[in-house]
Amino acid sequence: MERLLRWKEVAAQAARQPRRYQCHHGPLHAAKPWLLSRLFQPQNLQEAGVAGLESKPGELTCKSQRLMIQAALIYPSSPGCYSYMPYTLRAMEKLVRVIDREMQAIGGQKVNMPSLSSSELWKASGRWDLMGTELFRLSDRHSKEYCLGPTHEETVTDLIASQGNLSYKQLPLLLYQITRKFRDEPKSRFGLLRSREFYMKDMYTFDASEEAAHQTYNLVCDAYCSLFNKLGFHFIKVQADTGSIGGSMSHEFQLPAGIGEDRLMICSNCSFSANVETINPDQTDCPACKGKLTEIKGIEIGHTFYLGTKYSSVFNAIFHTAQNKHALTEMGCYGLGITRILAASVEVLSTEDSIRWPSLIAPYQVCFIPPKKGSKEELGMVLMDSLYKSVVEAVPQIKGDAVLDDRTELTIGKRLKIANRLGYPYVIIAGKKVFNNPPEFEVWSQNTGEIMFLTKEGVIELLSKVQVP
Ligand SMILES: [Zn+2]
């Protein structure tokens, strides 16, 4: 208590004084880009992670897993569990912001439900037994059983059922969350593509009729398409099996990739595409047009289900109709693998030794590389500093999205190689042409492979087109 009073006193005193910047880097520090010499990207994590990959011959690994471990973007803590390092978390937070915007544009309201889920709910739906060993189960000190939620149909339907006076006027109701999920994978593999602890966006929708629920279903599918288009993905929407979630209609959003674990059948003639689980595996003709089916592999990044009253009937999730009668809500549920989307985009966009991100969610948009200390271009540092100040003044959103590779004991070439591996959409170098009149900077657009020589105005024009979510 005494401590609290003391703290209040200090806070009150601080509020009376005019704001002063006390940072020991001086008042300009806040206007500086992020310095790479201070980045938490420990070499020992890279080495331990790679050694861990190599020590298990025969275990399935993939490009995104190897690249992300080599760059110390993730660190395997125990099988299927990863620590996400700062770059990965930045990309994830950007992805979350983009998803929030898409979900809220269709009326989605964000909630957060507990990871600990009581066995009573799962027993009511019958999934306590059905899910088998995939559920992480535990019990509390009173011997009450729980699972760590892999999905939340039971929790959310119980929540809606408890609102005894839900009105038809409140429907459709679209609730979603972006939280950590758990699945006891028999064999976790491929890094963040199939881990035991992961982030997922799960949305649950409640409608007054089957027809309205189908409209909501299409609305959410359209939002998924809009999201994947913004990320620049060449995705396919396929008919899918409803599996342990249930319901009568389901689609998967798949990214074609050689290491994908889903087999998809695509018609070369019409728009038919399906997960092989939904059709006869020996079928070679398209059921819609009799065209030839081709098999490809895909990484599932989104999954939608029309549930009907499967869960609302169990938990009695009802609403009041316009005639003031009770009726069961019609439900849908919609998943997006957040950490899986990150890994899948690295998987499909990267080369064998260089990470590439969708531009929109790249951890940082720009990396500035000043000359090596003591080299004859050292004066270039001054010009780069002035470039940076002009850029953040003209394009304020770049301010929090730029890094400066201040490890000037390294050559430009060495730092460019590191930047190339990390996949900043733009790398700006103060090379020999900064002595031209006017000075020109070397700009690498890493996603297009283009190299340009631009004046300060040219750099500003280029970066003003960059989107930062
Ligand atoms: Zn066809």
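The domain assignment splits the protein chain into domain 1, covering 88–348, and domain 2, covering 364–463. In this predicted model, the centres of domain 1 and domain 2, taken over C-alpha atoms, are separated by 42 Å. Here is a quick tour, from the whole chain down to single residues.

**The chain as a whole**
- The protein chain contains 13 helices and 22 strands.
- Its C-alpha trace spans about 80 × 70 × 50 Å along the principal axes.
- Of the 469 residues in the protein chain, 39% are buried.
- Among contacts in the protein chain with a separation of 6 or more, 70% come from residues 24 or more positions apart.

**The annotated region**
- At residues 80–358, UniProt (unreviewed entry) places the feature "domain: Aminoacyl-transfer RNA synthetases class-II family profile".
- Helix makes up 28% of the chain over residues 80–358 and strand makes up 32%.
- The end C-alpha atoms of residues 80–358 are 24 Å apart.

**Helix α4**
- Helix α4 takes in residues 86–105, which gives it 20 residues.
- From its first C-alpha to its last, α4 reaches 29 Å, close to the 28 Å expected at 1.5 Å a residue.
- Which residues of α4 are buried? They are Tyr-87, Thr-88, Ala-91, Met-92, Lys-94, Leu-95, Ile-99, Glu-102 and Met-103, so if you are colouring the helix by burial, using a cut-off of 20 or more other C-beta atoms within 10 Å, these are the ones to pick out.
- Gly-107 comes just after α4 and takes a positive phi of about 95°.

**The six-stranded sheet**
- An open sheet of 6 strands is ordered β1-β19-β18-β20-β21-β22, and its pairing is mixed.
- Why do β1 and β22 each have one side left without a neighbour in the sheet? Strands β1 (34–35) and β22 (450–454) stand at the edges, and each has a single partner strand, so one side stays free of a neighbour in the sheet.
- Strand β20 (residues 426–429) and strand β21 (residues 441–445) run antiparallel and are joined by 4 bridges.
- Within that pairing, Tyr-426 has Ser-445 in β21 as its bridge partner.
- Helix α12 (residues 412–422) packs on the sheet, where it touches β18 (366–369) and β20.
- The direction of α12 makes about 170° with that of β18.

Methods
Residues are numbered from 1 along each chain as its sequence is written. This is a predicted model: local features need pLDDT of at least 70, side-chain atom pairs count only at pLDDT 80 or more; totals for chains, interfaces and linings use all residues. Helices (H or I, at least four residues) and strands (E, at least two) are DSSP runs, numbered from the N terminus. A residue is buried if 20 or more other C-beta atoms lie within 10 Å of its own, exposed if 12 or fewer, and partly exposed in between; C-beta atoms are placed from the backbone. Two residues are in contact if their C-beta atoms, placed from the backbone, lie within 7 Å. Domain bounds come from an automatic or database domain assignment. UniProt positions are given in the numbering used here, feature names are shortened, and annotations may be inferred rather than shown by experiment. The expected span of a helix is 1.5 Å times one less than its number of residues. Two strands pair if DSSP finds at least two bridges between them. Axes are lines fitted to C-alpha atoms, for helices over the stretch in contact, and angles run from 0 to 180 degrees between N-to-C directions.
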